[in-house]
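Please open the structure in a viewer and keep the sequence at hand. The tour below proceeds by selections, each followed by a short account of what is found there.

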Amino acid sequence: MESFPISRVYQAHIPTYPSGHWLFGFASKKYHPLKDLDEARWKAYDLSCRYYTTTLHKGAFYIPAYVEELLKDVES
C-alpha cells in the first residue's frame, strides 16, 4: 500500500538560491493539488496577495520537460 497515493512535484523560482530553480514535493492521501483547487472559494476570501494567485498555483505544477522525463515512471 502506498503511503501517499497522490504525489506531485512543483516548482518555484527563488533568485536568492543557487540556480534559482527549486523543486518541491506535494503528497496527500486525499487532495489533488490541481483537481481539488477551488478557485471560486479562494477568490471569495478577497485576499490581496503580492505573490500568490490561483494561476501561479496551477503554473507551479507545470514542470520542465527534463523533470517530467525523470518522473515519468513515478507520477501518473
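The stops below begin with the whole chain and then turn to individual residues.

**The whole chain**

Please note at the outset that this is a predicted model. Display the chain as a cartoon and colour it by secondary structure: three helices and two strands appear. Read from the N terminus, their order is β-β-α-α-α. The chain is more spread out than a compact globule, because its radius of gyration is 14 Å, well over the 11 Å that the globule rule gives for 76 residues. Along the principal axes, the C-alpha trace spans about 40 × 35 × 20 Å.

Next, switch on the surface. The accessible surface of the chain amounts to about 6,300 Å², and 58% of it belongs to carbon and sulfur atoms. Of the 76 residues, 20% count as buried. Where contacts link residues at least 6 apart in sequence, 45% of them join residues at least 24 apart.

Now colour the charged side chains. There are 9 positive and 9 negative ones, and the centres of the two sets lie 5 Å apart.

**The aromatic residues**

How many aromatic pairs does a search of the whole structure find? The search finds seven. To view one of them, select Y17 and W22, whose rings form a tilted pair, with 4.9 Å from centre to centre and 55 degrees between the planes. Y17 counts as partly exposed, since its relative accessible area is 43%. W22 is also partly exposed, at 33% relative accessibility.

Extend the selection to Y10, F24, F26 and F61. Together with Y17 and W22, these residues form one aromatic cluster.

**The loop between the strands**

Select S19, which is found in the loop between β1 (6-13) and β2 (21-28). Is S19 buried or exposed? With a relative accessibility of 73%, S19 counts as exposed. The backbone also merits attention here. Most residues other than glycine have a negative phi. S19, although not a glycine, has a positive phi of about 70 degrees.

**The loop between α1 and α2**

Move on to D46, placed in the loop between α1 (39-44) and α2. Its phi is near 55 degrees, again a positive value in a residue other than glycine. D46 is exposed, and its relative accessible area is 67%.

**The loop between α2 and α3**

Select Y62, in the loop between α2 (54-60) and α3 (65-71). Y62 is exposed: its relative accessible area of 60% lies over the 50% cut-off. Then add Q11 to the selection and draw a distance between the two C-alpha atoms. Y62 and Q11 are 51 residues apart along the chain, while their C-alpha atoms are separated by 7.9 Å.

**The last helix**

The final stop is E68, placed in helix α3. E68 is partly exposed, with a relative accessible area of 47%. Which distance separates E68 from C49 in space, C-alpha to C-alpha? Select both residues and draw the line: the distance is 30 Å, for a separation of 19 residues in sequence.

To close, return to the cartoon view and trace the order β-β-α-α-α once more from the N terminus. The stops at S19, D46 and Y62 may then be located again in their loops, and E68 in helix α3.

Notes
Residues numbered from 1 in each chain as written. Predicted model: local features only at pLDDT ≥ 70, side-chain atom pairs only at ≥ 80, totals over all residues. Heavy atoms only, no water. Helix = DSSP H or I, 4+ residues; strand = E, 2+ residues; numbered from the N terminus. Rg over C-alpha atoms; globule rule 2.2 N^0.38 Å. Buried < 20%, exposed > 50% of the residue type's maximum accessible area, 1.4 Å probe, protein only. Contact = heavy atoms within 4.5 Å. Areas by Shrake-Rupley, 256 points an atom, 1.4 Å probe, with all protein chains shown as cover. Lys, Arg positive; Asp, Glu negative; His and termini not counted. Charge placed at Lys NZ, Arg CZ, Asp CG, Glu CD. Phe/Tyr/Trp six-rings, centres within 6.5 Å; stacked < 30°, edge-to-face > 60°.
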